[in-house]
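Reader: Got a minute to go through this one with me? Let's pull it up first.

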Amino acid sequence: MEFTRFCFLVFSVFLIYNVCSVHGRFYDYPKVSRFRALSQISMPPSPAPAPAPAPAPAPAPAPSPAPKDDPTIDNVKNSSNDYAAGIFNVLSYGAVGDGVIDDTQAFKMAWDAACQVDSAILLVPKHYSFMIQSTIFTGPCKSGLIFKVEGTIMPPDGPDSWPKSVSKKQWLVFYRIDGMSMKGGGLIDGKGEKWWNLPCKPHKQGINGTTLPGPCDSPVAIRFFMSSNLTVQGLKIKNSPLFHFRFDSCRDVHVDSLYIKAPPQSPNTDGIHIENTNDVTIRNSIISNGDDCISIGAGCYNVDIRNMTCGPSHGISIGSLGIRNSRACVSNITVQDSTIKYSDNGVRIKTWQGGFGTVSNINFNNIRMESVRNPIILDQYYCNTKSCANQTSAVYISDVIYSNIKGTYDVRSPPMHLACSNSVPCTNLTFLDVELYPAQGQKILEPFCWNAYGTLMTLTIPPVFCLLEGTPQSLPSNDLDQC
């Protein structure tokens, strides 16, 4: 019994020893890490929740509307962005722009739409030619409207193509518009040649100074009527049948950087004509044509003209005034810092006999003459036929300054021609630093004066010895009262 217990005890001790030794070897095994709990990062995933949906990519920012002067807008039809930016492209209203199909209706629709939007742009895109019938663009419109011409606009080709039911006296008219700008680098082509060749035109006169009978109305290319706060800038316009631009009964007109061109023999193609219009600036433009570069009619005042290049032409004129015994009042006109070349006249005041009213406070300053036939001309006997009846009434001209006018004159006419009315003399004419030499030869022609009163502040070349000093015995006070 005792032996049995002893053997059991020995066996138990042996077993315990071996188990402890084996456990000790496990503990000291160099790769014990295999038996540790694994990192949560490297553990196989437990059934994972469905992944959260990836955030939707941020929408691309909407393209900003093209700037209004960005050239990318010029050749495309309107997109929603264009409408948002206030751009009304005539192509989007059905214009074709091939120079043949009539695009008048498309222009009218684009105008009607643009007229209702603040700071809208009616766009005439480049690389297209649009034929438009005689049209009146009527206001009032919202402020800031821009008529932007980048392509070409033209009328029907000559009188035979003009609709018989439409007036032939005007082409594009802007009526009762306030705060509009007409600008762009495009072209307005008046296609005037067939109009100029009508047998009634002045250059078609026969040997007796007469013209053939027949219809003679011709359209003014661009006319603004009863409008205000206008800007016309950067345009090219050529070959108008009659005046290129005309402003009637307008105020606050600003013209800048125009290029106006017509042949020297094209009749009555004045570059810019203003009538009953005030507070006008005309600047930085080049005009060559068959009549006056700029003509200033009755009812104009506060007009400032600067930095012009004029000619060949008939010069820069005040008038003609007093036609058919009418009243004419013109005042506060300045023309300065300009060049007139190869023209029939330089700076001119012209009135008809029989008119009444006044021309006063006129300043012609710093003007360069190049081979001009009548550099300084004041003519109160203006007549566009071979004979006009003598009349005693006349527009009264006073307070005119001619200063720093220099250059050359065409010897076919004297450099200064001061022909005032017999009954209504010109008064207070002032000459300062006037030097005019013959463009051909050495002979200096004498100025011509008639009933002209004034002062020579410096010696002129040639001397104006014919200018009367002082004041006349009587002045037309009734004419002064009319203005």
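Reader: How much area does the chain expose, and what share do carbon and sulfur atoms supply?
Author: One note first: this is a predicted model. The chain exposes about 24,200 Å², and 56% of that comes from carbon and sulfur atoms.

Reader: What percentage of the residues count as buried?
Author: 46% of the 483 residues.

Reader: And how many helices and strands are there?
Author: The chain has 5 helices and 32 strands.

Reader: What share of the contacts is between residues 24 or more positions apart?
Author: 73%, taken over contacts with a separation of 6 or more.

Reader: On to strand pairing. Which way do S11 and S14 run, parallel or antiparallel?
Author: Parallel. S11 covers residues 220–225, S14 covers 245–248, and 4 bridges join them. Phe 225 sits opposite Asp 248 of S14.

Reader: How many bridges join S14 to S17?
Author: 4 bridges again, and those two strands run parallel. S17 spans residues 272–275. There, Phe 245 stands opposite Ile 272.

Reader: Switching to helices. Which residues of H3 are buried?
Author: H3 runs from 104 to 114. Its buried residues are Thr 104, Ala 106, Phe 107, Ala 110, Trp 111 and Ala 114.

Reader: Why do they line one face of the helix?
Author: Look down the axis of H3: the buried residues fall within an arc of 165 degrees, so they line one face.

Reader: What about the surface? Which residues form a nonpolar patch with about 250 Å² of accessible area?
Author: Val 96, Val 100 and Ile 101, with that area taken together.

Reader: Where does Val 96 lie?
Author: In the loop between strand S1 (87–89) and strand S2 (98–102). Val 96 counts as partly exposed because its relative accessibility is 37%, between the 20% and 50% cut-offs.

Reader: Last topic, Leu 456. Which strand is it found in?
Author: S32, residues 452–456.

Reader: What does Leu 456 touch, leaving out residues up to four places away in sequence?
Author: Phe 431, Val 464 and Leu 467.

Reader: How far apart are Leu 456 and Leu 429 in space?
Author: 8.5 Å, C-alpha to C-alpha, with their positions 27 residues apart in sequence numbering.

Reader: Why does Leu 456 count as partly exposed?
Author: Because its relative accessibility is 34%. Buried would need under 20%, exposed over 50%.

Terms used: Residues numbered from 1 in each chain as written. Predicted model: local features only at pLDDT ≥ 70, side-chain atom pairs only at ≥ 80, totals over all residues. Heavy atoms only, no water. Buried < 20%, exposed > 50% of the residue type's maximum accessible area, 1.4 Å probe, protein only. Contact = heavy atoms within 4.5 Å. Areas by Shrake-Rupley, 256 points an atom, 1.4 Å probe, with all protein chains shown as cover. Pairing = 2+ DSSP bridges. Arc of directions from axis to C-beta. Patch = residues over 30% accessible without salt bridge, like charges linked within 9 Å, V, L, I, M, F, W, Y side chains within 5 Å. Salt bridge = Lys/Arg side-chain N within 4 Å of Asp/Glu carboxyl O.
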